[in-house]
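This report describes how the helices, chains and domains of one model are arranged. Please keep the sequence and the structure in view while reading.

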Amino acid sequence: MKTDPIVSPAQQTEWLRQEQAFDAERGAAGTEAPASYRLIARALREPLPVDLPADFATRVARRAETAALLDPRWERRGIAVLLGTLAVLAGAGLLLEGASWLADLQAALPSLPRILNGWTLLLLAGLAAAQLPVRRPLR
Amino acid sequence: MTNPDRVLVDAVLARRAGAFERLVADHQGLCWHIIQRLVRHPEDTRELCQEAFLRVHQYLHQFRYESTLKSWIGRVAYAVALRHLEKKQVPLVDAADDGEYDPYLQEGDGFDLESAWADAELRDHLRAAIDALPPLPRMLLTLYHLDELTIPEIVQVSGLPAGTIKSHLFRSRLRLRERLQARLGETA
């Protein structure tokens, strides 16, 4: 489509008539315009019934406020706080009980069945790694 | 003098009670006009109006006062309706609108405005002709004539160049005039 279609004198005259009709229907005094364009301008100015519920604004405001509470940014911040708290607790537990956990582990290791030798552990680790979800690059 | 848009936006961003509700109430008419003229289906229009205002609430912190709040909200509504039409594969304009157009320009009309307006059948015919226009020109005519937005304001709402908007207004008013004259010719 051409960006400015109103180039010829005839088109400019027609545009002027359309605009005069628009002005006349908006109440501009002394404006001459063809009756057909005035009729069109009048029809175009007829109110368009807004078919929304009377409490539309209240409902939408309530929904928007609820949606803001569930904003993913807040969700992400909450998860970060939770993970941070868990890390601090784990660190504190390790500091307080770490030595005794290590001693218990060392005591338990020799009694583990022979099946859990180095090669079996390696195989299990390999299988576990194969099950991890692979993150594909975004296209 | 305080910018009323800034006062309202600041109140919404500060989560003051009733502020967003007022924003919706102030602009729901324009939002309805834009979406209804593009989509037409009343149920879809209601849902899309709601979606538009939820987006306005979500992104209001990004409003930079480069346009009026009214134009910015209009732009959000336009984007929401446009995406809906794209999903439904509804064309915004007629393919014929893209071609060269050489209208037959006539001089006078030869009928009385007030008696024509009093003719309910003729008014219905005119309304039907407006409704039959493609979505984009139908919306542009409503923004220009009913909401009295200027062409630069419509540019801000639609993102279309001013020349394209002027072209749609010109051609669709010509088309309506042709239909009206054809109708008057039938009844004469």
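## Two helices of chain B

Helix 2 of chain B and helix 3 of chain B are oblique to each other, a word used here because their angle falls in none of the other classes, which are roughly parallel under 35 degrees, roughly antiparallel over 145 and roughly perpendicular from 65 to 115. The angle between helix 2 (residues 19-39) of chain B and helix 3 (residues 42-59) of chain B is about 135°, and their axes are 9 Å apart; axes are lines fitted to C-alpha atoms over the stretch in contact, and angles run from 0 to 180 degrees between N-to-C directions. Helices are DSSP runs of H or I with at least four residues, strands are runs of E with at least two, and both are numbered from the N terminus. The crossing of helix 2 of chain B and helix 3 of chain B is right-handed, meaning that the near helix is turned clockwise from the far one by less than a right angle.

To the contact (C-beta atoms, placed from the backbone, within 7 Å), helix 2 of chain B contributes Phe20(B), Val24(B), Gln28(B), Cys31(B), Trp32(B), Ile35(B), Gln36(B) and Val39(B), while helix 3 of chain B contributes Asp44(B), Thr45(B), Leu48(B), Cys49(B), Ala52(B), Phe53(B) and His57(B). The residues of this contact of helix 2 with helix 3 of chain B comprise 10 nonpolar, four polar and one charged, where Ala, Val, Leu, Ile, Met, Phe, Trp, Tyr, Cys and Pro count as nonpolar, Asp, Glu, Lys and Arg as charged, and the others, Gly among them, as polar.

## Basis of the model

The model is predicted, so that local features need pLDDT of at least 70 and side-chain atom pairs count only at pLDDT 80 or more, whereas totals for chains, interfaces and linings use all residues. Residues are numbered from 1 along each chain as its sequence is written, and chains are lettered from A and ligands numbered from 1 in the order in which they are written.

## Chain A and its contact with chain B

Chain A has five helices and zero strands, and 17% of its 139 residues count as buried, that is, with 20 or more other C-beta atoms within 10 Å of their own (12 or fewer for exposed, in between for partly exposed, with C-beta atoms placed from the backbone). Helix 2 of chain A is mostly covered, with nine of its 10 residues buried; among them are Tyr37(A), Arg38(A) and Leu39(A).

Between the chains, 37 residues of chain A are in contact with 48 residues of chain B. The largest share of the side of chain A that touches chain B, 10 residues, is supplied by helix 2 of chain A, and by class this side of chain A has 24 nonpolar, five polar and eight charged residues.

## Domains and loops of chain B

The domain assignment, which is automatic or from a database, divides chain B into domain 1 (4-87) and domain 2 (103-184). Taken over C-alpha atoms, the centres of domain 1 and domain 2 of chain B are separated by 26 Å, and each of the two domains gives 11 residues to the contact.

Two residues that are not glycine have a positive phi: Arg40(B), at about 75°, and Gln89(B), at about 55°. Arg40(B) is placed in the loop between helix 2 and helix 3 of chain B and counts as partly exposed because it has 13 C-beta neighbours inside 10 Å. Gln89(B) lies in the loop between helix 4 and helix 5 (113-117) of chain B, and with 6 C-beta neighbours inside 10 Å Gln89(B) counts as exposed.
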